[in-house]
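Biologist: Could you take one part of this structure and go through it closely with me? I'd like it in plain words, with the cut-offs spelled out.

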Amino acid sequence: MKIAFIGLGNMGGGMAANLARAGHDVRAFDLSADALAQARGNGCETFTDAGEAVDGVEAVVTMLPNGGIVKSVYQGSVFGKAPAGAVLLDCSTIDVATAKAVIAEAEAAGYPMVDAPVSGGIAAANGGTLTFMVGGSDEAFERAEAVLKSMGKAVIHAGAAGAGQTAKICNNMLLAITMIGTAEAMKMAEKLGLDPQKFYEISSVSSGFNWSLNNYTPLPGVGVASPADNDYQGGFATALMLKDLRLAMEAAQGADAAVPLGSRAAALYESFAGAGNGGRDFSAIITTY
Ligand code: NAD
């Protein structure tokens, strides 16, 4: 399949390489010359203009920093330039409102489109093991699925346009809350004189079990191996968690949803990131207790 790929950063670089590896004819574009050089090395054809990259393609994939950029790339370089009927896939993490608006505009211009944000970081992007949560019509999903399968291990149709972004931010808000709850409980147990490893052994098989405790234990040397054992390097950066929490708070406000714990988690991650911890794994928030 002839596929344009726009946004060859930490995530997009590996995703485009996997499409090329799967035998697709990948036409890559990024503003960065270094990213383009790397894409050429990974078997992609590169372009210095996004409008040229989408010429004659059957699909366009974007992996960009935010909603404003996604909107301007589709309006300026994809709509009216990619052949009518080409399927459009935005894999970036962006706000729900922009995702819905761009998909509505795409469909009015004759392009089936999905929002398809990912779970999994740079290693999963490189390894082709991402999970895609997809929003869009049945027809758009069916067309997109074939493309997404070359870049991930799981592709889930979440619902209508915007449902992929909704699933992603609600999941990550829950993750932030469980991580903070786990940190509080572990540190309180320790203060009360309970060995944190004993707390892990008990709570991980009791009603307190949750992914942050059981699969990502935030204290070094306790529970399972995790970024805590590597001085909180690697894993999921606090700055990216904060980005997702800000998107979650914006969406909650727009939907008039009550999120007392989500907003507290967002405030705690704001101040943690603001104190110079943006590059550390998000589980390092336990070091503030
Ligand atoms: P990144 O900053 O490494 O890459 C973004 C790329 O987009 C850069 O190469 C940049 O040059 C390019 N770009 C910016 N504006 C452009 C434009 N107008 N036209 C073409 N290219 C443009 O970011 P990333 O880590 O690859 O993240 C991309 C998206 O994936 C974000 O929405 C992020 O939230 C999401 N995400 C990231 C991770 C992660 O672990 N890094 C995990 C899940 C989701």
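Modeller: Let's settle one term before anything else: a residue is buried when its relative accessible area is under 20%, exposed when it is over 50%, and partly exposed in between, using a 1.4 Å probe and protein chains only. Keep in mind that this is a predicted model, where local features need pLDDT of at least 70 and side-chain atom pairs count only at pLDDT 80 or more, while totals for chains, interfaces and linings use all residues. Numbering runs from 1 along each chain as its sequence is written, and side-chain values use heavy atoms, with hydrogens and water left out.

With that term in hand, Ser 226 counts as buried because its relative accessible area is 10%. You'll find Ser 226 in the loop between α10 (211–214) and α11; helices here are DSSP runs of H or I with at least four residues, strands are runs of E with at least two, and both are numbered from the N terminus. Setting aside neighbours within four places in sequence, Ser 226 is in contact (heavy atoms within 4.5 Å) with Tyr 216 and Thr 217.

Follow the chain into helix α11 (residues 238–255) and you meet Glu 250. Glu 250 is called partly exposed because its relative accessible area is 46%. Glu 250 sits 153 residues from Ala 97 in sequence, yet their C-alpha atoms are 9.4 Å apart in space.

Now for the domains. The assignment, which is automatic or from a database, gives domain 1 (2–161) and domain 2 (166–288). Eight residues from domain 1 and nine residues from domain 2 make the contact. The C-alpha centres of the two domains are 30 Å apart.

How much area is buried between domain 1 and domain 2? About 690 Å², with carbon and sulfur atoms giving 65% of that; buried area is the accessible area (1.4 Å probe) that two parts lose on being put together, summed over both. On the domain 1 side, Thr 93, Val 96 and Met 133 lose the most, together 58% of what that side buries.

As for polar links, the rule finds zero salt bridges across the interface, a salt bridge being a side-chain nitrogen of Lys or Arg within 4 Å of a carboxyl oxygen of Asp or Glu.

Back on the other side of the chain numbering, Ser 77 lies in helix α4 (residues 67–78). Ser 77 is also buried, since its relative accessible area is 18%.
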